[in-house]
Amino acid sequence: MQPGLTARERAMLGFEQSWWLSPAPKEQAVREQFLLTEAEYSDLLDVLIDTDAALHEQPLLVRRLRRLRERRRRTHLDRRTADQEIAR
């Protein structure tokens, strides 16, 4: 049996669905709503979207967030590889 999501985790998923509708920048909205820095929030979100419970609760959103995360990681790795090639 898989454990469910906490109220905070549900709120994070809800936030990810609509944060761009807020007049405040995402970093400020995260601070106000979750009392976290953007880095702390991102770390928690990364762990959350890897859970089966989050995937079960919001499958389309979680898959999209996973794809975006993977794209950012690939871009970062490609940039590091290119920088290393230039340094040689």
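Buried here means under 20% relative accessible area. By that cut-off Y41 is buried, because its relative accessible area is 1%. The model is predicted, and Y41 is a convenient residue from which to start the tour.

**Colour by confidence**

Colour the chain by pLDDT before selecting anything. The mean for the protein chain is 91, and 92% of its residues reach 70 or more. Confidence is highest in α3, at a mean of 98, and lowest in α5, at 87.

**Select α3, residues 38–49**

Show α3 as a cartoon and mark its end C-alpha atoms. They are 16 Å apart, which agrees with the 16 Å that 12 residues should span at 1.5 Å a residue. Now add side chains for Y41, L45, L48 and I49, the buried residues of α3. Looking down the axis of α3, these residues fall within an arc of 85°, so they line one face of the helix. An α-helix has 3.6 residues a turn, so residues three or four places apart point the same way. Turn the view to the face of α3 directed away from its buried side, and D43 and V47 appear there as exposed residues.

**Select F15 and Y41**

Which helix holds F15, the partner of Y41 in a ring pair? F15 is in α1 (residues 7–18), while Y41 is in α3, 26 residues away, so the pair links distant parts of the chain. A pair of aromatic rings is described by the distance of the centres and the angle of the planes. For F15 and Y41 the centres are 5.6 Å apart and the planes are at 80°, an edge-to-face arrangement. F15 is also buried, with a relative accessible area of 6%. Add F34 to the selection: ring pairs link F15, F34 and Y41 into a cluster. The model has 4 aromatic pairs by the rule used here.

**Select α1**

Keep F15 on display and extend the selection to the whole of α1. Its end C-alpha atoms are 17 Å apart; the 12 residues should span 16 Å at 1.5 Å a residue, which agrees. M12, L13, F15 and E16 are the buried residues of this helix. Viewed down the axis of α1, they fall within an arc of 155°, so they line one face.

**Select α2, then L35**

Return to F34 and show the rest of α2 (26–34). The buried residues in α2 are K26, A29, V30 and F34. They cover an arc of only 100° around the axis, which puts them on the same side of α2. These buried residues pack against α1 and α3.

Step on to L35, which follows α2 and is in the loop between α2 and α3. Is L35 buried or exposed? L35 counts as exposed, at 72% relative accessibility. Check its backbone as well: phi is positive, about 55°, although L35 is not a glycine.

**Select the largest nonpolar core**

In soluble globular proteins, nonpolar side chains tend to be buried together. The largest nonpolar core in this model has 17 residues, and L13, Y41, L45 and L48 touch the most other members. α1, α2, α3, α4 (52–57) and α5 (59–87) are the elements that give two or more residues to this core. The largest share, 4 residues, comes from α3.

Centre on L48 and show its contacts. Leaving out residues up to four places away in sequence, L48 touches L5, E9, M12, L13 and A54.

**Select A54**

From L48, move to A54, which lies in helix α4. A54 is buried, with a relative accessible area of 0%. What does A54 contact, apart from its neighbours within four places in sequence? The residues are L5, L13, L48, I49, P59 and V62. For a sense of scale, draw a line from the C-alpha of A54 to that of F34: the two residues are 18 Å apart in space and 20 residues apart in sequence.

**Select R69**

The last stop is R69, in helix α5. R69 is buried, with a relative accessible area of 10%. With residues up to four places away in sequence not counted, R69 touches D46, I49 and D50. One of these, I49, is among the buried residues of α3, the helix on which the tour began.

Key. Residues numbered from 1 in each chain as written. Heavy atoms only, no water. Expected span 1.5 Å × (residues − 1). Buried < 20%, exposed > 50% of the residue type's maximum accessible area, 1.4 Å probe, protein only. Arc of directions from axis to C-beta. Phe/Tyr/Trp six-rings, centres within 6.5 Å; stacked < 30°, edge-to-face > 60°. Core = buried A, V, L, I, M, F, W, Y, C linked by side-chain atoms within 4.5 Å. Contact = heavy atoms within 4.5 Å. pLDDT = per-residue confidence, 0-100.
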